[in-house]
Amino acid sequence: MRFRPKCSGCAGAIPSRLRGHELTSRSTERAETALATETHATHQALLDAGVELLREMTPATLVAALRTREIARRAGVSPPTFFHHFRTIDDYARALVAHVFSPTRTSLEGVVTEGLREVQRLRLPAEQSIAYHRRDLHMAAADPDFRLRTGLWALGGPAVDGPFSEGLRELDRQLIPQAEALHRLWGREVRPPLDMRSHLAVQLALLQGSVMRHLAEGDVMTPERYARAAAALSMVMLRPTGDRRTLDDRLSEMNYYPGSRAVLGSQSERRSTTRARLLDAAAELFAEYGYEAASISAVARTAGVHVATLYEHFESKAHVGLTLFDAHASAQLAALGAADAAGALRQHLEEVADFVATHSDLARLYLTVVACGDQPAGFDDGLRSATLRLVTALPDERLEGRDPGRTTDELLVCTIGAMLRHPGDGAAGAAASALRLLPREVSGRPGSRPSSRRR
């Protein structure tokens with residue numbers, strides 16, 4: 001028999017109870033979510049407060065955490081005896097920090113000397129360096145005070161920096177003579193701009209970081225990996241005794257070709273790119289410092305290559321300067337608008353003189369080479385070739401039997417020389433002075449077409 005409620009009021013009673021239960025469940029969920037959020041926020045606030053307190057810690061607060069009574073008990077004295085030697089906790093904290101960072105607690109001289117005897121049995125500097133750095137990692141990792149020094153410096157705040165610095169200076173005092181002896185054994189010296197102290201500082205920083213990683217993840221920073229990485233760094237920072245190359249030169253050599261293989265292309269393309277980069281670097285340095293003041297090593301360094309690479313492309317700085325002068329002069333020469341050979345030659349020489357006015361250093365270099373005929377091997381004198389073509393285009397009767405090559409050299413020498421000696425005469429005056437070497441109908445015929453450029 002089907003159940004029927006006795007009245008309409010009873011008919012809505014069950015659904016009302018269900019709706020109330022749903023509302024209670026939702027309220028509980030919201031309360032639990034709010035509680036979880038508040039709990040997480042409190043948890044995070046406690047952690048942030050701890051970080052803040054750690055940042056504000058000083059050696060005195062660290063000592064206070066140790067408790068002076070416990071310090072006295074371990075020393076076998078009474079608490080009043082503690083304060084007889086140290087008036088305040090701050091006094092004890094300063095003395096304790098200096099004691100922790102003092103290298104005199106364990107002298108390194110005997111340890112390093114023994115290490116030198118070990119590596120001297122090996123033949124090559126790289127083998128000796130690897131053995132030496134491997135031994136360094138083992139010794140530092142086994143040092144019971146390594147974590148103490150690291151943690152005290154990290155938590156002690158700025159008050160620890162002074163004693164830490166004093167300890168490092170004392171450490172350098174012990175290590176520098178030993179390192180110099182090792183470098184003499186290898187026939188090496190520190191590359192500028194580094195000196196011995198900065199060289200040791202780099203090595204010590206690498207060692208400390210590597211020891212921490214080795215202690216935490218020994219499978220990642222193994223002694224063999226560290227020893228080879230440290231030895232590689234040492235070989236870069238050191239140079240054979242008497243070598244003049246700096247650290248920047250060594251880095252330039254290592255940075256031989258930037259980019260990927262796909263971008264580099266063929267060997268001929270790489271050589272062309274390197275040559276262009278060298279000329280760009282030379283143009284920059286010659287413009288800033290002048291040809292005489294700019295060194296060949298500075299050109300190579302600015303181009304990002306080693307000096308030896310530069311000498312693969314140019315035999316001397318003069319070769320670089322001549323090539324640069326010739327390239328820029330040829331690029332600036334305007335298209336010749338004269339209808340006849342004589343007018344074209346005049347316009348060409350005016351363009352040469354106009355270029356000389358803004359490149360006097362390189363022009364003097366070029367003038368010396370042309371006058372003496374002492375061209376570097378491989379120098380393609382495009383300016384002379386262009387001038388020679390214009391000279392040979394003149395009718396034979398106008399040259400009066402003169403040798404075209406010699407006439408070309410004389411015209412260039414006279415044009416450049418006149419522009420350097422008398423820049424106030426302008427490019428037209430320099431060209432006219434040179435053209436006086438030729439017969440009248442070539443050099444100064446009335447009605448000859450002037451240069452299209454304003455002087």
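**Entry 1: α19 and α24**

I started with this pair and noted that α19 and α24 are oblique to each other. The label follows because the axes cross at roughly 125°, and angles that are neither under 35, nor over 145, nor in the 65 to 115 range count as oblique. I should say at once that I am working from a predicted model.

Helix α19 covers residues 341–356 and helix α24 covers residues 426–435. Their axes come within 8 Å. I also looked up the handedness: α19 passes α24 in a right-handed crossing.

Next I listed who touches whom. From α19 I have Leu345, Arg346, Leu349, Glu350, Ala353 and Asp354. From α24 I wrote down Ala427, Ala428, Ala430, Ala431, Ala432 and Leu435. Sorted by class, the contact holds 9 nonpolar residues, no polar ones and 3 charged ones.

**Entry 2: α10 and α11**

I then moved to helix α10 (residues 161–186) and helix α11 (residues 196–216). Here I noted an angle of about 100° and axes 10 Å apart. With that angle, α10 and α11 are therefore roughly perpendicular to each other.

The α10 side of this contact is made up of Leu168, Arg169, Leu171, Asp172, Leu175, Ile176, Ala179, Glu180 and His183. Facing them in α11 I found Met196, Arg197, His199, Leu200 and Leu204. My class tally for α10 with α11 reads 8 nonpolar, 2 polar and 4 charged residues.

**Entry 3: threonine 323**

Is threonine 323 buried or exposed? I had it down as a residue of helix α18, which runs over residues 317–332. Its relative accessibility came out at 11%, and the cut-off for buried is under 20%, so threonine 323 counts as buried.

What does threonine 323 touch, leaving out residues up to four places away in sequence? I got Arg275, Leu279, Phe314 and Phe379.

**Entry 4: the chain as a whole**

Last, I pulled the totals. I count 25 helices and 2 strands in the chain. Of its 455 residues, 35% are buried.

I checked sequence separation too. Taking contacts between residues at least 6 apart in sequence, I found that 70% join residues at least 24 apart.

For the surface, I noted that the chain exposes about 26,800 Å². Carbon and sulfur atoms supply 56% of that area.

Technical notes
Residues numbered from 1 in each chain as written. Predicted model: local features only at pLDDT ≥ 70, side-chain atom pairs only at ≥ 80, totals over all residues. Heavy atoms only, no water. Helix = DSSP H or I, 4+ residues; strand = E, 2+ residues; numbered from the N terminus. Buried < 20%, exposed > 50% of the residue type's maximum accessible area, 1.4 Å probe, protein only. Contact = heavy atoms within 4.5 Å. Areas by Shrake-Rupley, 256 points an atom, 1.4 Å probe, with all protein chains shown as cover. Axes fitted to C-alpha atoms, helices over the stretch in contact; angles between N-to-C directions. Nonpolar A, V, L, I, M, F, W, Y, C, P; charged D, E, K, R; others polar. Left-handed = near helix turned anticlockwise from the far one by under 90°.
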